[in-house]
Structure formats: structure tokens, C-alpha cells
Amino acid sequence: MSDTTPTEDPGMRYLIERGMGALAEKMNIEFTEFSVERSVATMPVAGNTQPIGLLHGGAYVVLGESLGSMAANLYAGADRVAVGVDINATHTGSATSGIVTGVCTPIHLGRTLTVHEIVVTDERGRRCSTIRITNLIKDKPSR
């Protein structure tokens, strides 16, 4: 993260103005870095587990989609909107406590499609999930 405050950072200012959405807020997702090139967010394991105490696989996907969709919308610009058209996840580890961190990087930034990879790790740096999301960029609907 840069030395600027969140309101001085254009990406973080975008997040504050737009909001992250009700689901991301309920899951306590916190963005710590946000730009077209790289976005980072954390999420607690507590409150987002399945019955046996592991972080729910769907929670990994919510973290990934929150990162990838928001990054795609930042890239799309003020007159366009990005909407998810495909997402997949491969879970290779299980977080049971603490927080997980998702790091989102673009694979493809095109005129009408973006593809992002999100790597989610636990507090020990162990990869728990790899998520890929594709977003369609289109003109904003008129109100």
C-alpha cells in the first residue's frame, strides 16, 4: 500500500464512493489495496465457516468475486459497467482460523472482457484457493 491516505488514493476513493456491496460487508471483507493492476482484500475465517469449522468454499468465491468484479469495474471506467459472466475456483487448502488474504491480478484487460486471477492464502502464506473470474464490460444502462 502506498503512503497516501485512502481518500488520496484514487482506487480506494473509488471503493469508498461506490461501496463494496452488502454481501462483502456482511462477510467483513476489507480492501487494503485497490488498483487496476493489483487489488488485495482480507476476510476473517470466523463467521464464514462450514459446519466442520473450515472456511466455506463459497466464502473463498465471494472474496474472489468481490476483488475481481470491483477491479473490472474500476478498469471499465465511469461510462461502462463490468458484470461477471464466469467464475471458477480450485480449493487446495483449508483455513480454520485467522484471516485469509486475496490478491487479484489481471490476466486479460480487453475492450469488452476482463479476466482476473485471485490467489487466496492463509496467515501462514499457504495457498488455499485459486479463483478465476471473467467479466463482460458493457455500457451503463440509462436510468
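The exercises below work through strand pairing, surface exposure and cysteines in a predicted model.

Residues are numbered from 1 along each chain as its sequence is written, and side-chain values use heavy atoms, with hydrogens and water left out. Because the model is predicted, local features need pLDDT of at least 70 and side-chain atom pairs count only at pLDDT 80 or more, whereas totals for chains, interfaces and linings use all residues.

**Exercise 1.** Determine which strands pair with β5 and how they run.

*Solution.* Start from the terms: strands are DSSP runs of E with at least two residues, helices are runs of H or I with at least four residues, and both are numbered from the N terminus; two strands pair if DSSP finds at least two bridges between them. Strand β4 (residues 99–109) is joined to β5 by eight bridges, and the two run antiparallel; here G102 has V120 of β5 as its bridge partner, and a hairpin of three residues makes the connection. On the other side of the count, β5 and strand β6 (residues 127–139) share nine bridges, again antiparallel, with I118 partnered by I131 in β6. The β5–β6 hairpin has five residues between the strands, and in it G125 takes a positive phi near 85°. Finally, consider cover, where buried means under 20% relative accessible area, exposed over 50%, and partly exposed in between (1.4 Å probe, protein chains only): seven of the nine residues of β5 (residues 113–121) are buried.

**Exercise 2.** Describe the backbone and the exposure of N28, and then the pairing of the strand that follows its loop.

*Solution.* N28 is not a glycine, yet its phi is positive, at about 60°. The residue is found in the loop between α2 (22–26) and β1 (30–34), and because its relative accessibility is 46%, N28 counts as partly exposed. Strand β1 is then joined by four bridges to the antiparallel strand β2 (residues 39–44), where A41 is the bridge partner of F31; four residues lie between β1 and β2 in their hairpin.

**Exercise 3.** Decide how many disulfides the structure holds, and explain why C128 forms no bond with C104.

*Solution.* A disulfide is taken as a pair of cysteine sulfur atoms within 2.5 Å, and a search of the whole structure finds zero of them. C104 is in no disulfide, the nearest cysteine sulfur, that of C128, being 17 Å away. Seen from C128, the closest cysteine sulfur is that of C104, and no bond is possible because 17 Å is too far. As for exposure, C104 counts as buried because its relative accessibility is 2%, and C128 counts as buried because its value is 0%.
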